[in-house]
Structures are given as structure tokens and as C-alpha cells.
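Let's walk through this structure together, one strand pairing at a time, before turning to a single residue in a helix.

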Amino acid sequence: MLAADPMSLATDRDATPAQLAECLRQAERCRAQGRHREGADVARSAANIAARLGDEARQVEALRLLAVQLYRLGEYEPCAATCNQALALSASSANAAARTEVLGTLTMACNELGVHDEALRSASACLDAAREDGDDRLVAWALNRAGCAHDAMANHGVAESFLQQSLTLARRSGDAEALFSALNNLAEVSLALLQAHRRDGEAASMHAVLARGLAQAGESVDLAQASGNPHWLATALGNYGMLRGVAGEYETAFALLRRSEQLAEDGGYRPVARIAGRYAAQLLWQRSELPAAIARYRQVLERVNEVAEPALAMQLRRELSELYKQVEDWKAALAEFERFHELERRKNTQAAETRARVLTNRLELDNARLATERAQLEAELHRLRSAELEAEKRVLEARTQELDRHAHEDPLTGLWNRRHMDTLLPRLLAGAGETGRPLALAIADVDHFKQINDRCGHATGDAVLRRLADLVRQHCRPGDLIARFGGEELVIAMPDTTAAAAALSCERLRQHVEEHAWSELHDKLRVTISFGVCDTGGVANVDALLAAADTQLYRAKRNGRNRVELAAR
């Protein structure tokens, strides 16, 4: 029988596969019921047992469950480390579903840690893995996480678009958890949009957003109550309560927020409890109960760990400073403002340190995996060397492939040339038409390339193109077609990719180009790149596809360059 204390399993060296399976089922039950502290302990035990049994697939499953529970408990950096461990173990696995869910959790943890570039990278990889699996439920989760990544960066309109797509797929798949998450996150985005519209004086827009947000939040509360999951309910009640308060229904709002905060405190969901407290303080302020609002802010601040929750602490300090100014307590306002800036400086430093730790952790795990794979490959090569004729055959095949590649390779950049693109792109387009799977195309152009040549010399211009080719290769998938189209233009064809997902990938690549250390090539050098993106919708042939992407590229140039423009469908 499975030990009653899940932690005892971590030291039970005689655990059996049957006990491991039961441990995983128990961890999943805890997750579904919102008992995340207990669930984390059980999942950690399961990961230890799976490692001792040499069962990598179940070890990945246990780590996935552990990461989710750690995220719900607000332990974001351990969550990210656990996700990276699971990804390293599953790198060679065909289980796209597991990778999708782990990458989604990693996206959310990176959002909370303030390492938004890592969050976007994980969100993009999550979308790729979900498309590879082809399951509507997984794609819904991947779109959800992409929306959350953009919301964390204050791109609320983009976030809402991703989340609406997620909601549509979640309804179609019938996954209650995916549906709840999409609705709840849309309600949260509505709150951010309401704040922006209020700041900009757009009353008409506020009315539409509020109505939409209330409907979404109300439905998420109904789902949470039906599920019996206290974490769902605490989260949903917080957003619903704040939206009811914005609508002027204060007594109802405060009752909902009190219930949210109590559920969160009872369940150990610290971030949810703090957010409910902040919402209550904001509503007291909105109702002009300024002393009560100040007291509520101070109560929430006493419970916030400024090291573990820097973003929330900063929001609270900044809002409290504004509140003190309204009551003309200038000394307290200044003190809170100075504390806000101190936290901002600390947060920036902490984000850099966290990014370094997350990257180091992932690199160490990748290196360990690569070392294992290298040893396996060396053993296999040693076996193959005994078959002399087979070895000679491989050499001849490799030489043939090399000669063929040179015939289709651009000599300056090492990318495919126009000849190869003209051969392969029609096949990709035909395959997309036959299978009904998406195909996205991007045309990229270096901004002001003639000025680079004129100011820095043609040798530097050539070096820029070679460096740009390296960056594109690094940040595109192995299955993408990357070709030099001519001059400073590149074409990137992305099979099984929607235009929206391709635009997200191109935006990430555009940032990498802009942030690259171009001064290594020339001290006056700055390089940016523009993209035009489209997909195969309504396109009959390759020329029309290229023309559609080219039109968006010209639009990017007209709109100021250094941007991604997406064809509307």
C-alpha cells in the first residue's frame, strides 16, 4: 500500500511502479482539488521514486505536477527550475502534450519573476509543441499562456486577442479547466483595459469592456463553484468582485472580495489573497473612503513579502503614495514614493539575477543531457566503425549531400539561396493545401541597409548579413525554410504555423536583432529589421503568397520600420 505520509515515499527505496502510479494519481487529485501544498509534497516524492526506478516519462509527469503546485503556491523560482528539469528530461521525447503543459507553466512563472523575454520564448515554444500535437485543448492552453505573457508586458489588446482564441478552442474541446482559465484571465485583462480607458477618458469603451468582463467573470465563478476547487473559486471571486465594484455595486463587491481573500488564506494561495486585499483597498479609494483605504493598503503591505512579490509590493507602494497625497499627508506620500523607487531598483537587479539563475539552471540541465546523448552517440559510432563498408557508404552520402547543399546555398550567409527556395516553397504550399494545415510566410528586410554600406563600408554590410543569418538560424525552428531572397531581404516559411504565431516569433526575432551587440562589427553600427507576415489563407500560388508578405513589409517600412506587420484575414 502507498504510505500515508507522502514524504515517506522520498526515502522509501523499495517503492514499486504500482506505488509510483498511485503517488501520481494522488498528486493529480490534490492539484484538481486545490490542495497544492500537499500536492507539491506528493509530486516531489513521485519524482524521486521515478528517478530511482529509471522511469523518465513518469519523472517528467511528476515534475510537471510539482511545477504547477509550486506556481499556485507563489514559489515561482523553484517552479521555473522544476520546469527546466522536466524539459531537459523530455527533450528527446515525442510527448508534445507534456512539453506543452510544462512550457505553459514556465511562461507563467517567468511572468511573475519579471523575466519577460524568457516568458515570451517559453510561450512561443509552447505554441509550437501544441501545434505539433494538434489537440485543441493543448492549443487553447498555449494561446492562453501567450496571452498572459503579453498581459504581463502591458500589451493588453494583444493579450485579449490570444485569450479570445483560447476561449473559442476551450469551449470546442470541452476542457473545463482550460475554459475557466481563459474566462478568468480575460476578466483580469478587462480590469487592465478599464484602467487604461479611465486614464485616457474613454467612457464609451469602458462600458463595453465592463459588460464583457462581468459576463466572463460571472461565468468563471459558476465554473469554479461547480468544480469544487477552492483555488479556482478564490481567483475568480477576486476578479468578479473588483469588476462589480467598478460597476458601483460596492457591498456585493466587498462581500465577494472578503470571500476570495478568506479562501486564499485558508488554502495557502498567498498571491491570490494579496490581490483580493489590494482590490478591496482600490474600491475603498474609489468610494472616497480614504482613511479606510489607507488602512487596507497598510494591512495588505504587512503581509506582502517584498522580496518574493516585488511587482505587487511596487504597485501597492505607488498607489498608497498617491492616496497619501490626496489626504495631504506629504511626508507619508514621499516616504511611500521613495520606497516604491527603492523596490523598483531592487526589482530590476533581482530580475537580472533571477534571469541569470534560470538560464544557468537550464544550461546546466541541457549540458548534462547533451553529455549523456554524446556518450550514447560515441558508443553507437564505435559500433558502426566496425562495419567498414557501411562507413564508406555514409562518407559518400555525406559528400553527395554537401555538393547538393553548395548548389543551393547562398555563399555569403550560408542560408538557402533563391534557387532552393523556388524549389521547396511550392512544395510547402501544396502540402499545406492538401492537409489543411497552416503555413505562414515572413519577408524580412534590414532597415536602411544602404546607409550601413555608405557609412560603414561594404565589408561591414556583408558582415551584418552574415551575423543576421546566424541570429535567424538561432531563433527559428529546424523545420523552417530560411532563404536569402536577394540583397538584404530574407524569406522565412514556417510550416504548421498560423500568421498570429508567426508574428509572435518574428517579434521575438526583431527584438533579438535590435538588442544584438552590433558595435562589435563597427562602433557606429545599429541594425534593425522589419517584417511582413501573412499565411496561406485565400492564396493560390507562391507568387501571390510572396506578394502578400511583401505588401505587409512595405507597410512596416511606411509605419516607421523596426516592426512586424501582419496581414489581416
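Start with L481, whose bridge partner in β3 is A493. Keep in mind as you look that this is a predicted model. The pair belongs to a ladder of 5 bridges that joins β2 to β3 (residues 489–495), and the two strands run antiparallel.

Now step back to see where this ladder sits. β2 and β3 are part of an open sheet of 5 strands, which follows the order β2-β3-β1-β4-β5 and has mixed pairing. At the edges you will find β2 (481–486) and β5 (564–566); each has a single partner strand, so one side of each is left without a neighbour in the sheet. On average, and with direction ignored, neighbouring strands of this sheet are turned by 20 degrees against each other.

Move along the sheet to β1 (residues 439–446), which pairs with β4 in the antiparallel sense over 7 bridges. If you would like a landmark here, take A444: its bridge partner in β4 is F531.

β4 (residues 529–535) deserves a longer look. How many of its 7 residues are buried? The count is 7 of the 7, so the strand is largely enclosed by the rest of the structure. Burial applies to both faces: I529, F531, V533 and D535 point one way, S530, G532 and C534 point the other way, and all are buried. Notice that F531, the partner of A444, points the same way from β4 as V533.

V533 also leads you onward, as its bridge partner in β5 is L566. Here the sense of pairing is parallel, with 3 bridges joining β4 to β5. To follow the chain from one strand to the other, trace helix α22 (residues 542–558): β4, this helix and β5 make a left-handed β-α-β unit.

Let's finish away from the sheet, in helix α10 (residues 203–227), where S220 lies. Is S220 buried or exposed? Its relative accessibility is 0%, and because buried means under 20%, S220 counts as buried. What surrounds S220, once its neighbours within four places in sequence are left aside? The residues in contact with S220 are F180, L183, N184 and A236. Of these, A236 is 16 residues apart from S220 along the chain, and the C-alpha atoms of the two are separated by 6.0 Å. The side chain of S220 also has a partner of its own, reaching the backbone oxygen of A217 at 2.7 Å.

Definitions and conventions
Residues are numbered from 1 along each chain as its sequence is written. This is a predicted model: local features need pLDDT of at least 70, side-chain atom pairs count only at pLDDT 80 or more; totals for chains, interfaces and linings use all residues. Side-chain values use heavy atoms; hydrogens and water are left out. Two strands pair if DSSP finds at least two bridges between them. Helices (H or I, at least four residues) and strands (E, at least two) are DSSP runs, numbered from the N terminus. Axes are lines fitted to C-alpha atoms, for helices over the stretch in contact, and angles run from 0 to 180 degrees between N-to-C directions. Buried means under 20% relative accessible area, exposed over 50%, partly exposed in between (1.4 Å probe, protein chains only). Contact means heavy atoms within 4.5 Å. A polar contact is a pair of N or O atoms within 3.5 Å; within protein, one must be able to donate a hydrogen and the other to accept it, and residues adjacent in sequence count only if both atoms are side-chain atoms. A crossover is right-handed if, with the strands pointing away from the viewer, the path from the first strand over the helix to the second runs clockwise.
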